[in-house]
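Thanks for making time this morning. I would like to walk you through one model, beginning with a single residue and working outwards from there.

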Amino acid sequence: MTQAPVSTDLTPDPDVLRRIRWRCRRGLLENDLFIDKFFERYGENLTTPLVQGLLELMDLSDNDLLDLLLARKEPEGELCKPEILQVLTMMRVAKA
């Protein structure tokens with residue numbers, strides 16, 4: 001008997017989402033405002049690729065992240081992945 005393939009686009013369970021949200025806490029209030037609004041709008045619908053993109057953005061320094069969120073800079077190099085670009089776009093929209 002073969003198992004069905006596991007989709008990588010599944011929404012993480014609520015415990016995982018809570019841990020991710022905690023992991024996303026930042027030192028700059030401005031970043032936290034973007035992140036909180038992002039989770040309010042999209043938190044229940046995050047897919048595994050979006051979570052991966054979000055976590056990669058959280059690896060940035062606070063100032064680099066804020067520059068991206070405010071569109072002072074655009075992602076370059078390793079940050080030019082579709083999931084990162086999508087999360088960044090969603091976070092920028094979430095400020096409105």
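If we leave aside residues up to four places away in sequence, Asp67 touches Arg72 and Lys73. Asp67 itself sits in helix α4, which covers residues 62–69, and with a relative accessibility of 14% it counts as buried, because the cut-off for that word is under 20%. Please keep in mind throughout that this is a predicted model.

Just after that helix there is a backbone detail to look at, in the loop between α4 and α5, where we find Ala71. As a general matter, most residues other than glycine have a negative phi. Ala71 is not a glycine, and yet its phi is positive, at about 60°. Its relative accessible area is 44%, so Ala71 is described as partly exposed.

Let me now turn to helix α2, residues 29–42, which has 14 residues and reaches 20 Å from its first C-alpha to its last, close to the 20 Å expected at 1.5 Å a residue. Which residues of α2 are buried? They are Asn31, Asp32, Phe34, Ile35, Phe38 and Phe39, and, seen down the axis of α2, these buried residues fall within an arc of 160°, so they line one face of the helix. It may help to recall that an α-helix has 3.6 residues a turn, so residues three or four places apart point the same way. On the other side of α2, by contrast, Leu29, Leu33 and Glu40 are exposed, and I would draw your attention to the two leucines in that list, Leu29 and Leu33.

The aromatic residues of this helix deserve a slower look, and here the count comes to two aromatic pairs. Phe38 and Phe39 form an edge-to-face pair, with 5.7 Å centre to centre and 80° between the planes. Phe38 and Tyr42 form the other, which is tilted, with 5.5 Å centre to centre and 50° between the planes. Because Phe38 and Tyr42 are four residues apart in helix α2, about one helical turn separates them. Their surroundings can be set side by side: Phe38 is buried, with a relative accessible area of 0%, while Tyr42 is partly exposed, at 22%. Taken together, Phe38, Phe39 and Tyr42 form one aromatic cluster.

How does this helix connect with the rest of the chain? Not counting residues up to four places away in sequence, Phe39 touches Ile20, Arg21, Cys24, Leu46 and Leu54. Phe38 and Phe39 also belong to the largest nonpolar core, which has 24 residues, and they are among the members that touch the most others, together with Leu54, Leu57, Met58 and Met91. The elements that give two or more residues to this core are α1 (14–23), α2, α3 (48–58), α4 and α5 (82–94).

Finally, a word on confidence. The protein chain averages a pLDDT of 86, and 88% of the residues score at least 70. Confidence is lowest in α1, at a mean of 84, and highest in α4, at 96, the helix that holds Asp67. Over residues 1–7, however, the pLDDT is below 50, and this stretch has zero contacts in the model beyond near neighbours in sequence. Where pLDDT is low, the predicted coordinates should not be read in detail.

Notes. Residues numbered from 1 in each chain as written. Predicted model: local features only at pLDDT ≥ 70, side-chain atom pairs only at ≥ 80, totals over all residues. Heavy atoms only, no water. Buried < 20%, exposed > 50% of the residue type's maximum accessible area, 1.4 Å probe, protein only. Contact = heavy atoms within 4.5 Å. Expected span 1.5 Å × (residues − 1). Arc of directions from axis to C-beta. Core = buried A, V, L, I, M, F, W, Y, C linked by side-chain atoms within 4.5 Å. pLDDT = per-residue confidence, 0-100. Phe/Tyr/Trp six-rings, centres within 6.5 Å; stacked < 30°, edge-to-face > 60°.
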